[in-house]
Amino acid sequence: MSTFHEEISKRRTFAIISHPDAGKTTLTEKLLLYGGAINLAGSVKGKKTAKHAVSDWMEIEKQRGISVTSSVMQFKYDDYCINILDTPGHQDFSEDTYRTLMAADSAVMVIDASKGVENQTIKLFKVCVMRHIPIITFINKMDRDSKNPFELLEDIENVLGINTCPMNWPIGSGKEFKGVYDRKDKKILSFTANNGQKEVDKEELTLDDPDLDSKLFYGQKDQLIEDIELLDGAGDDFDLEQVRSGNLTPVFFGSALTNFGVEPFLKEFLNITTSPLPRETSEKTIEPESDFFSAFVFKIQANMNKAHRDRVAFMRICSGKFEKNMEVYHAQGDRKMRLSQPQQIMAQEREIVEEAYAGDIIGVFDPGIFSIGDTIVSPGQKFKFKGIPTFAPEHFALVRQKDTMKRKQFVKGINQIAQEGAIQIFHEPDSGMEEVIVGVVGVLQFDVLKHRLENEYNVDIIMTTLPYQFIRWITSDCDVKELDLASDTKIVADFKDRKLLLFRSFWSINWALEHNKGLTLEEFGTNE
Ligand code: G4P
């Protein structure tokens with residue numbers, strides 16, 4: 001039996017992030033395969049097999065082949081207990097990714113070797129850098145023709161402003177892919193394609209091996225020696241401190257589909273990353289080994305299972321141990337409670353959790369009391385974790401239900417989806433919810449809203465796009481009716497009836513500030 005401290009020290013909690021199609025699902029599956037969490041890889045969503053990856057369950061995800069919401073999986077490997085947080089693979093859902101990153105201690109970034117950092121991914125990857133957590137890069141699909149590896153590194157450095165340190169180096173790509181050179185062991189791990197069910201049989205060679213020439217294509221050995229010299233001379237050295245502070249990303253090359261380089265990556269990843277990190281609160285720093293339980297809600301998901309019509313709040317445990325049926329204190333609700341149906345989720349499979357430790361993620365049944373950022377602690381503790389910032393929406397639409405008889409469902413649906421943080425809702429001051437103004441960070445969120453209202457709440461909606469691009473909360477005391485505003489500026493209120501302004505341009509923002517003495521505006525709201 002492990003002690004309490006051992007249990008915590010073997011935890012690793014990371015988020016996995018990538019551009020759609022870069023291979024995040026495939027890599028996740030291969031990792032789960034090592035942990036024995038699934039028996040067979042190849043249940044990856046595939047147009048051919050019409051099966052869907054274990055971590056992809058929402059209908060719209062299946063239709064579009066993108067991940068919209070994040071799910072959580074746990075597996076054990078080599079005495080470690082690893083929590084993977086899947087993230088949406090599209091930058092329109094960067095806010096969801098950011099919230100998931102709040103619950104992680106590190107991130108794995110998967111990049112398609114033939115594409116590099118893609119335009120659509122820049123915003124998504126940047127939120128990763130904003131969190132200052134270790135980012136480990138896996139450059140995938142080396143079994144396909146790839147970009148020049150130096151170019152790939154340059155891409156990451158230029159776009160993300162983070163230094164790179166290749167841990168291994170590829171020899172060729174596509175049909176000429178021969179394996180990778182491990183810079184620490186100074187050995188070549190040669191590549192043989194297999195069906196990807198398990199790690200390919202290992203064949204290791206040193207650079208001075210007489211057999212090497214016959215195993216490589218003409219010129220590959222010289223190219224490799226030249227590349228390594230260049231890297232050793234001009235590249236960034238591996239520096240664990242720099243990695244842990246998020247300034248340097250270790251880079252691994254491999255091929256998830258053929259399961260090449262996945263296990264060496266996993267092993268090194270476990271060395272590089274740390275056990276759960278301390279967390280800041282309103283009063284003090286909370287150490288994971290503290291003897292009290294504490295957690296915060298980073299995600300709320302309604303209707304995960306249509307048949308159950310349930311709502312699950314996901315929380316990251318920050319300290320102590322969770323035991324089923326124990327009493328906790330919900331700081332924001334100021335009341336004691338028992339967490340109902342605590343579960344750990346392996347995609348669609350749910351298991352009731354008997355116990356969980358700092359670093360773990362649990363989902364609990366939420367009767368509508370939790371909000372994103374809420375703190376749950378052992379009774380007697382009186383602190384709140386620092387809130388999770390909300391992103392300023394950049395797209396707005398006026399939304400109303402088609403069938404006025406369905407008003408109740410419409411109000412319920414739109415409110416629940418807003419509580420999940422998937423959209424932000426506003427209304428005209430002093431008016432009801434007849435028409436709702438919806439604000440989103442990425443336009444795809446509108447599609448998700450429409451789809452979910454239709455499918456989960458049985459409400460058809462009419463959506464009219466509004467021309468606003470900027471939102472500002474009014475933080476000074478004033479009567480909004482008295483404000484002198486440009487004609488294209490709109491006054492709205494949020495769910496707490498705080499007043500805001502929607503603008504079409506920066507010019508109108510300046511106009512408002514110049515014409516209203518004492519007016520102060522704030523770009524970001526909070527969940528608090
Ligand atoms: P995502 O979650 O990041 O969106 O990507 P996913 O793992 O679903 O992979 C996207 C596609 O890329 C899949 O093909 C997958 O098989 C393929 N893929 C993933 N890793 C590798 C790799 O290392 N090498 C190669 N060559 N391909 C890889 P698909 O066309 O969507 O499905 P299927 O036709 O292969 O079934």
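How far apart should the ends of the twelve residues of H6 be at 1.5 Å a residue, and what is the span between its end C-alpha atoms? The views below take up that question and a few others in a predicted model.

**Figure 1. The whole chain, before zooming in.** This predicted model has 13 helices and 31 strands in its chain. Of its 528 residues, 56% come out as buried. Take the contacts with a separation of 6 or more, and 71% of them join residues 24 or more positions apart.

**Figure 2. Helix H6, end to end and side on.** Here's the reply to the opening question: the twelve residues of H6 should span 16 Å at 1.5 Å a residue, and the end C-alpha atoms are indeed 16 Å apart. Buried in this helix are Pro149, Leu152, Leu153, Asp155, Ile156 and Leu160. They take up an arc of only 150° around the axis, so they sit on the same side of H6. As for partners, the buried residues pack against helix H5 (122–130) and a set of strands: S4, S5, S6, S7 and S11 (248–253).

**Figure 3. Helix H8 and its two faces.** H8 covers residues 220–234, and its 15 residues should span 21 Å at 1.5 Å each; the end C-alpha atoms agree, at 21 Å apart. The buried members are Gln220, Lys221, Leu224, Asp227, Ile228 and Leu231. Looking down the axis of H8, you find them within an arc of 125°, so they line one face of the helix. Turned away from that buried side are the exposed residues Asp222, Glu226, Glu229, Gly233 and Ala234. What covers the buried residues? The cover includes helix H6 (149–160) and helix H7 (212–215). Strands S6 (163–166), S7 (168–171), S8 (179–182) and S9 (187–190) are also part of it.

**Figure 4. Ser106 and its company.** Ser106 belongs to strand S4, which runs over residues 106–112. With a relative accessible area of just 2%, Ser106 counts as buried, because the cut-off for that label is under 20%. Which residues touch Ser106, once neighbours within four places in sequence are set aside? They are Thr13, Phe14, Ala15, Ile133, Pro134, Phe269 and Thr273.

**Figure 5. Two residues with a positive phi.** Most residues other than glycine have a negative phi. Lys141, though not a glycine, has a positive phi of about 70°. You'll find Lys141 in the loop between strand S5 (135–140) and H6. Its relative accessibility is 18%, so Lys141 still counts as buried, the limit being under 20%. Asn458 is another non-glycine residue with a positive phi, near 60°. Asn458 lies in the loop between H12 and strand S27 (461–466). Is Asn458 buried or exposed? It is exposed, with a relative accessible area of 52%, and the exposed label applies over 50%.

**Figure 6. The second largest cavity.** The count comes to two cavities of 30 Å³ or more, and this view shows the second largest, with about 30 Å³ of space. Around that cavity are Ile417, Ala422, Ile423, Gln445, Val448, Leu449 and Arg452. Which helix gives the most to the lining? Helix H12 (residues 444–456) does, with four residues. By character, the lining breaks down into five nonpolar residues, one polar and one charged.

Conventions
Residues numbered from 1 in each chain as written. Predicted model: local features only at pLDDT ≥ 70, side-chain atom pairs only at ≥ 80, totals over all residues. Heavy atoms only, no water. Expected span 1.5 Å × (residues − 1). Buried < 20%, exposed > 50% of the residue type's maximum accessible area, 1.4 Å probe, protein only. Arc of directions from axis to C-beta. Contact = heavy atoms within 4.5 Å. 1 Å grid on protein atoms, 1.4 Å probe; cavity = no way out; pocket = protein on both sides within 12 Å on 5 of 7 lines; lining within 4 Å. Points joined across faces, edges and corners; volume = space filled by probe spheres on them. Nonpolar A, V, L, I, M, F, W, Y, C, P; charged D, E, K, R; others polar.
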